[in-house]
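Colleague: I'm new to this one and would like a close look at a single part. Could you take me through the place where the two chains meet, and then the neighbouring helix?

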Amino acid sequence: MTGDVISVVIADDEPDVRLLLRLQLETVDGVEVVGEAADGVEVIEVCRKLRPRAVVMDLLMPKMLGIHAIEEIRRDIPNIAVVAYTATAGEFVRQEMERLEVPLLLKSGDIRALVDAIRSSLARVVE
Amino acid sequence: MTPGVQASQTSDSDSDELERRLREVDALRRRVLNVIPHALRTPITTFRGLAEALPTASEDDIRTSITPALRRLAAQAERLLDDMLLAAGLTTTLPTSERVGTMVRPVVDDVWAEVGGGAPLVFEGDDDAAVLAPAGSLSKMLVHVLDNAAKYGDGTTTVKVVQPGDGSGSTAIVVDSPGAEITEIELLGQPFFRAEAAVMRSPGLGVGIAVARALAEHARGSLTVEARDGGGLITTIELEAV
């Protein structure tokens with residue numbers, strides 16, 4: 001894989017959401033979906049194994065919340081770009097994402113916003 | 001007591017009652033606003049996104065992935081709407097058929113295969129036990145109760161079928177699901193209320209228990225919940241035995 005391609009792991013407990021994100025991201029030049037995970041524990045394992053450059057993370061997932069999974073993954077891969085992708089976000093979630101410097105996107109189906117968030121998060125971690 | 005004093009006390013009592021009801025309505029409104037956007041956003045945006053992906057998707061993806069997903073999402077949205085109406089007390093979605101004898105064990109097995117996600121479940125009691133409920137109704141009750149057990153439980157869920165032996169002629173289906181400690185037990189079953197332990201685990205409408213209870217009562221039975229010693233929930237559905 002070349003350094004220009006952004007390898008992405010998708011983490012969401014809804015298989016239909018993972019399907020949609022995969023289909024959408026596959027249409028974007030320079031982005032490659034390399035793995036998927038259905039819960040907070042699996043996403044840590046998948047990231048350890050595949051070492052992606054970015055992860056799109058649902059926050060409410062079984063076994064481990066996305067918030068905790070983000071911190072765990074960053075211990076292993078400090079330069080990984082993370083985008084939180086969630087249906088709703090209250091004050092607690094917004095504050096946590098600010099603390100972790102993770103861009104937060106509400107699920108809207110707008111792939112351009114997601115790709116922009118991945119790229120800006122990536123730019124920040126490689127600075 | 002003079003008529004004037006009595007009238008004044010009645011007026012105070014009416015005012016207190018009105019205020020109590022307004023507080024209840026406000027609490028319900030807040031609960032609805034908390035859960036509906038979360039529960040609906042994912043199926044709606046996913047549906048739209050998949051529909052938009054159709055023109056560029058391969059024939060194979062359309063046939064094997066997208067079309068089944070669109071069907072699942074439509075069914076999910078339909079179920080959410082039915083549940084909301086039922087939980088809100090709009091009984092148009094209650095079954096209209098007569099009660100029929102329904103064996104419990106096969107329904108438990110089928111529902112757990114659908115919602116259990118591969119987690120362990122133990123069935124205890126008579127494999128041939130049957131209860132009276134409208135066709136498909138026991139399945140709908142158990143979908144909600146067992147879905148809660150699967151989503152919010154930790155460890156093995158146990159379903160016990162018990163004949164109370166109190167001469168009531170009823171059968172109790174007791175779903176014992178270990179999990180996080182539930183401190184708001186008195187609020188469980190109120191439509192659109194979600195326990196704190198549930199909010200942190202999975203999205204949902206907070207109507208499962210209310211819907212299952214409405215279905216149980218419609219089948220001339222009952223549904224009760226109690227906090228489980230050590231954490232988790234015990235849900236008991238009582239229906240007339242066959």
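**Where the chains meet**

Modeller: Let's start with a pair of helices, keeping in mind that this is a predicted model. Helix α1 of chain A (residues 15-26) and helix α2 of chain B (residues 59-87) have axes that come within 10 Å and cross at roughly 135°. Angles over 145 degrees would count as roughly antiparallel, and this one falls in the remaining class, so α1(A) and α2(B) are oblique to each other. The crossing of α1(A) past α2(B) is left-handed. On the α1(A) side, the residues making the contact are Asp16(A), Leu19(A) and Leu23(A); α2(B) brings Asp61(B), Ser65(B), Ala69(B), Arg72(B) and Leu73(B). Sorted by class, that helix contact holds four nonpolar, one polar and three charged residues.

Now for the whole contact between the chains. Chain A puts in 16 residues and chain B 21 residues. The side of chain A that touches chain B breaks down into eight nonpolar, five polar and three charged residues.

Next, the other helix of chain A worth a look: α2(A), which covers residues 40-50. Its buried residues are Gly40(A), Glu42(A), Val43(A), Ile44(A), Val46(A) and Cys47(A). What do they pack against? Within chain A, the partners are the strands β1 (6-11), β2 (31-37) and β3 (54-57), along with helix α3 (66-76). Just past the end of α2(A) sits Arg51(A), with a positive phi of about 50°.

Note on methods: Residues are numbered from 1 along each chain as its sequence is written. Chains are lettered from A and ligands numbered from 1 in the order in which they are written. This is a predicted model: local features need pLDDT of at least 70, side-chain atom pairs count only at pLDDT 80 or more; totals for chains, interfaces and linings use all residues. Two residues are in contact if their C-beta atoms, placed from the backbone, lie within 7 Å. Ala, Val, Leu, Ile, Met, Phe, Trp, Tyr, Cys and Pro count as nonpolar, Asp, Glu, Lys and Arg as charged, and the others, Gly among them, as polar. A residue is buried if 20 or more other C-beta atoms lie within 10 Å of its own, exposed if 12 or fewer, and partly exposed in between; C-beta atoms are placed from the backbone. Helices (H or I, at least four residues) and strands (E, at least two) are DSSP runs, numbered from the N terminus. Axes are lines fitted to C-alpha atoms, for helices over the stretch in contact, and angles run from 0 to 180 degrees between N-to-C directions. Angles under 35 degrees count as roughly parallel, over 145 as roughly antiparallel, 65 to 115 as roughly perpendicular and the rest as oblique. A crossing is left-handed if the near helix is turned anticlockwise from the far one by less than a right angle, and right-handed if clockwise.
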